[in-house]
Amino acid sequence: MLYKFKSRSTADIIMLQAHGLQILQAIGKSPDDAHGIVTPEQIPGAIQALEAAIAADEARHAEGGEANDGNGQEQDERGEATEAVRLRQRAAPFIDMLRRSAAEGKEVTW
């Protein structure tokens with residue numbers, strides 16, 4: 001399943017289910033709902049919640065929560081270095097969508 005986030009202020013954002021669920025959980029929305037809305041009034045709180053989730057994710061990885069070499073690379077099951085895509089990178093387009101939508105007083109739906 002894919003999540004398609006829409007706003008009348010920006011282009012659509014499409015995310016895989018796992019990544020979309022992570023974003024929805026971070027902003028306090030129920031991932032059980034196939035459709036939902038972030039109203040213009042809810043956007044500042046959603047941005048703050050996402051930024052807090054990003055900070056927690058980065059702190060967890062900085063503490064060595066996963067096998068990495070200190071340069072943002074993790075090792076796969078074969079021991080080869082792989083680039084990790086962090087929550088900050090996945091959430092950046094969504095945060096931009098939220099900010100643009102707030103500036104124009106538009107909602108974000110999925």
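**View 1. Helix α3 has a kink of about 30 degrees, centred on Pro 93.** The bend at a residue is the angle between axes fitted to the seven residues ending there and the seven starting there. This is a predicted model, where local features need pLDDT of at least 70 and side-chain atom pairs count only at pLDDT 80 or more, while totals for chains, interfaces and linings use all residues. Residues are numbered from 1 along each chain as its sequence is written, and side-chain values use heavy atoms, with hydrogens and water left out. Helix α3 takes in residues 87-104, and its 18 residues reach 26 Å from the first C-alpha to the last. That's close to the expected 26 Å, which is 1.5 Å times one less than the number of residues. Right after α3 comes Gly 105, with a positive phi near 70 degrees.

**View 2. Here's what α3 tucks away, and what those residues pack against.** Buried residues in α3 are Leu 87, Ala 91, Phe 94, Ile 95, Met 97, Leu 98 and Ser 101. "Buried" means under 20% relative accessible area, "exposed" means over 50%, and "partly exposed" is in between (1.4 Å probe, protein chains only). The buried residues of α3 pack against several elements, among them β1 (2-7), α1 (17-26) and α2 (43-62). A contact here means heavy atoms within 4.5 Å.

**View 3. Step back to the whole protein chain, with its three helices and six strands.** Helices (H or I, at least four residues) and strands (E, at least two) are DSSP runs, numbered from the N terminus. Starting at the N terminus, the elements go β-β-α-β-α-β-β-α-β. Of the 110 residues in the protein chain, 32% are buried. Take the contacts with a separation of 6 or more: 57% of them are between residues 24 or more positions apart.

**View 4. Four strands make an open sheet in the order β2-β1-β6-β3, with antiparallel pairing.** Two strands pair if DSSP finds at least two bridges between them. β2 and β3 are the edge strands, each pairing on one side only.

**View 5. Zoom in on β1 and β2, which run antiparallel and are joined by four bridges.** A hairpin of five residues takes you from β1 to β2. Across the pair, Phe 5 stands opposite Ile 13, and Tyr 3 stands opposite Met 15. Now check the two faces of β2: Ile 13 and Met 15 are on the covered one, whereas Ile 14 and Leu 16 are on the uncovered one.

**View 6. Tyr 3, Phe 5, Phe 94 and Trp 110 form one aromatic cluster.** Rings of Phe, Tyr and Trp (its six-membered ring) pair if their centres lie within 6.5 Å; planes under 30 degrees apart count as stacked, over 60 as edge-to-face and the rest as tilted. By this rule there are three aromatic pairs. The rings of Phe 5 and Trp 110 have centres 6.1 Å apart and planes at 55 degrees, so this pair is tilted. The two partners come from distant parts of the chain, 105 residues apart: Phe 5 sits in strand β1, and Trp 110 in the segment after β6. Phe 5 is buried, at a relative accessible area of 0%, and Trp 110 is buried too, at 9%.
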